[in-house]
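Me: Could you walk me through the salt bridges and disulfides of this protein? I would like short answers with the reasoning shown.

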Amino acid sequence: MSPSRNSRRLAVTAAAAALLTVAPLGVTAAHAQVTRVRQGSATDASRASWSGPAYTMNGSGGIVTATMTRAVDAIRGGTGAIDVVVVAGSGSGTPECDVITPLAGVNSCTTLTLTATADGNNSQVNADIRNAEFVYFAGGDQCRYVAWKGTALEASVESVVAKGGGVGGGSAGHHVNSDVVYDACTASTTSATALANPYDRSLTFTTGMFRWPNYAGTINDSHFVTRDRMGRTIAFVARAVKDGLVAGGKAWGVGVEEGASLYVDRAGRATLSGPSAYVVLGDHQPEVAVSGQPLTYTGVKIWKLTDGQSYDFANRPTCGYYLRSVRAGVPDSSLYSGTPVTDCSSTPPPSGGSSYAEVEPNDSRTAANDISGLTYPATVTGDMKSTADRDYFSLTLGSGQTLTVNCAVPSAYDADLYLLSATGSTLTRSVNDGAGTDESVTLTRTASGSATYHLDLEAYAGSGAADYACAVTKS
């Protein structure tokens with residue numbers, strides 16, 4: 001839940017009357033009126049086709065002119081002008097349209113303030129939206145927005161994208177534009193609360209409202225770094241995977257910092273303007289996600305974007321992330337930065353490291369191949385010779401060191417990755433489903449001194465002579 005939009009008193013002077021029209025719509029005794037404020041031309045732009053879709057995903061409620069300008073230019077194809085509608089659930093001002101109206105290529109900007117669920121079926125509201133080429137959801141309370149699911153407004157907004165227009169939003173308006181919406185309808189959660197109990201009453205979700213092209217499986221979050229929301233986004237992702245809110249067992253959190261904005265083009269490529277944004281991937285079931293218990297979710301993949309950097313939602317990358325974990329509700333340190341994994345699939349060792357090919361038999365801890373003497377980062381290769389094959393490798397880790405293992409698994413089989421203590425206890429694991437699905441684990445040794453650990457790669461389904469390749473790093 002985001003703070004309410006700042007209210008701003010409207011002062012309409014005779015000189016501005018030609019550019020600003022204020023009108024209450026559909027006043028009834030049952031609820032407050034819908035307020036409609038139109039700025040710019042009183043006549044809608046009209047042409048046969050538009051060149052979008054285009055999207056803006058903002059970390060706070062205000063307009064970011066850099067991405068808004070790109071969206072306007074993309075939709076109009078560099079010529080003509082478009083009409084914009086801002087949808088708000090509270091407030092009496094027009095802060096978004098005040099910024100949008102003067103932009104080149106904008107014909108008009110209309111602010112619609114809706115105060116009840118039934119307003120989603122207001123005829124003038126839906127006419128304004130359908131006649132627009134871009135719809136922006138203002139900051140405020142996303143629970144008010146998801147209440148319009150199933151009303152005419154939902155279909156009207158979808159029609160804008162379908163004709164080559166666009167959509168966007170900031171803060172609460174950013175939340176409502178993802179595939180899975182954290183709706184905050186009971187309370188707004190914090191990272192501490194969500195990690196302590198991922199089924200706390202403050203974690204509620206809405207699905208089936210908007211699903212934009214190339215943006216499936218996403219859960220948006222806002223005010224990301226400023227309000228320390230990485231932890232809660234990891235909990236959102238864990239819930240989405242555990243509860244089947246997304247298809248394919250994978251969920252992508254999209255956290256955008258205050259003042260930042262992602263511009264997503266028609267091909268699904270998101271480019272950041274502003275301080276930072278994060279894509280948080282959960283591609284396996286959480287180890288512990290149970291009501292009343294702290295979350296354990298290891299090997300979460302995180303991409304950090306800075307100003308000008310991009311993430312391709314149409315062809316989602318398999319490299320460039322760093323790994324972080326949550327164990328018993330306690331997240332790793334440095335959640336917002338890490339060394340990216342830049343080589344997830346090839347067998348040559350990472351720069352400066354060494355390589356090692358398994359030597360059979362290594363089917364138990366006592367027969368483990370000793371790789372402690374390798375130069376790290378290193379690449380370890382082997383194969384699953386049978387459906388019962390287990391390959392063990394032993395290494396040491398010093399106090400304060402972080403071990404990260406990323407295994408590229410060939411399409412011939414499905415293999416799972418475990419990290420064990422010296423006595424054989426499972427410390428963390430990666431058990432993604434599907435032949436050819438990669439596996440990753442990470443662990444930081446917090447105890448004093450050094451200790452022996454075992455990597456255990458096990459055949460889950462299938463077998464073959466094709467090599468897996470595990471990139472092993474210590475930091």
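What follows is a set of questions and replies on charged pairs, disulfides and the strands around them.

Reply: Happy to help. One thing to know early is that this is a predicted model, in which local features need pLDDT of at least 70, side-chain atom pairs count only at pLDDT 80 or more, and totals for chains, interfaces and linings use all residues. Residues are numbered from 1 along each chain as its sequence is written, and side-chain values use heavy atoms, with hydrogens and water left out.

Me: How many salt bridges does a search of the whole structure find?
Reply: Side chains of opposite charge can pair when their charged atoms come close. Here a salt bridge is a side-chain nitrogen of Lys or Arg within 4 Å of a carboxyl oxygen of Asp or Glu. Searching the whole structure with that rule gives a total of 17.

Me: In the salt bridge of Asp-44 and Arg-38, which residue is buried?
Reply: The side chains of these two, Asp-44 and Arg-38, meet with N to O at 2.9 Å. Buried means under 20% relative accessible area, exposed means over 50%, and partly exposed is in between, using a 1.4 Å probe and protein chains only. Asp-44 has 31%, so Asp-44 is partly exposed. With a relative accessible area of 7%, the buried residue is Arg-38.

Me: How many residues apart are Asp-363 and Lys-385?
Reply: Asp-363 and Lys-385 form a salt bridge whose closest N and O atoms are 3.6 Å apart. This pair links distant parts of the chain, with Asp-363 in the loop between strands S19 (355-357) and S20 (369-370), and Lys-385 in the loop between strands S21 (378-384) and S22 (390-397). Strands here are DSSP runs (E, at least two residues) and helices are DSSP runs (H or I, at least four), numbered from the N terminus. The separation of Asp-363 and Lys-385 is 22 residues.

Me: Is Asp-389, which forms a salt bridge with Lys-385, buried or exposed?
Reply: The closest N and O atoms of Lys-385 and Asp-389 are 3.1 Å apart. Lys-385 has 46% relative accessibility, so Lys-385 counts as partly exposed. Asp-389 has a relative accessibility of 2%, and therefore counts as buried.

Me: Which residues are linked with Lys-385 in a network of salt bridges?
Reply: Lys-385 pairs with Asp-363, and Lys-385 also pairs with Asp-389. Asp-363 counts as partly exposed, at 36% relative accessibility. Along with Lys-385, the network holds Glu-360, Asp-363 and Asp-389.

Me: What pattern do the disulfides of the protein chain follow?
Reply: A disulfide is a pair of cysteine sulfur atoms within 2.5 Å. The whole structure has three disulfides. With bonded cysteines counted along the chain, the pattern is 1-2, 3-4, 5-6.

Me: Is the disulfide of Cys-97 and Cys-109 left-handed or right-handed?
Reply: The S to S distance between Cys-97 and Cys-109 is 2.0 Å. Cys-97 lies in helix H2 (residues 95-100) and Cys-109 in strand S5 (residues 106-113), so the disulfide ties together parts 12 residues apart in sequence. Both Cys-97 and Cys-109 are buried. The torsion about the S-S bond is about -75°, so this disulfide is left-handed.

Me: What is the torsion about the S-S bond of Cys-143 and Cys-185?
Reply: The sulfur atoms of Cys-143 and Cys-185 are 2.1 Å apart. Cys-143 lies in helix H4 (residues 142-146) and Cys-185 in the loop between strand S8 (180-182) and helix H7 (191-196), so the pair ties together parts 42 residues apart in sequence. Cys-185 is partly exposed, at a relative accessible area of 37%. The disulfide is right-handed because its torsion is about 110°.

Me: Which strands hold Cys-407 and Cys-470?
Reply: Cys-407 and Cys-470 form a disulfide with sulfur atoms 2.0 Å apart. Cys-407 is buried at 1% relative accessibility, and Cys-470 is buried at 6%. The disulfide ties together parts 63 residues apart in sequence, because Cys-407 and Cys-470 lie in strands S23 (residues 402-408) and S28 (residues 464-474).

Me: In S28, which residue is the bridge partner of Thr-404?
Reply: Two strands pair if DSSP finds at least two bridges between them. S23 and S28 run antiparallel and are joined by six bridges. In S28, the partner of Thr-404 is Thr-473.
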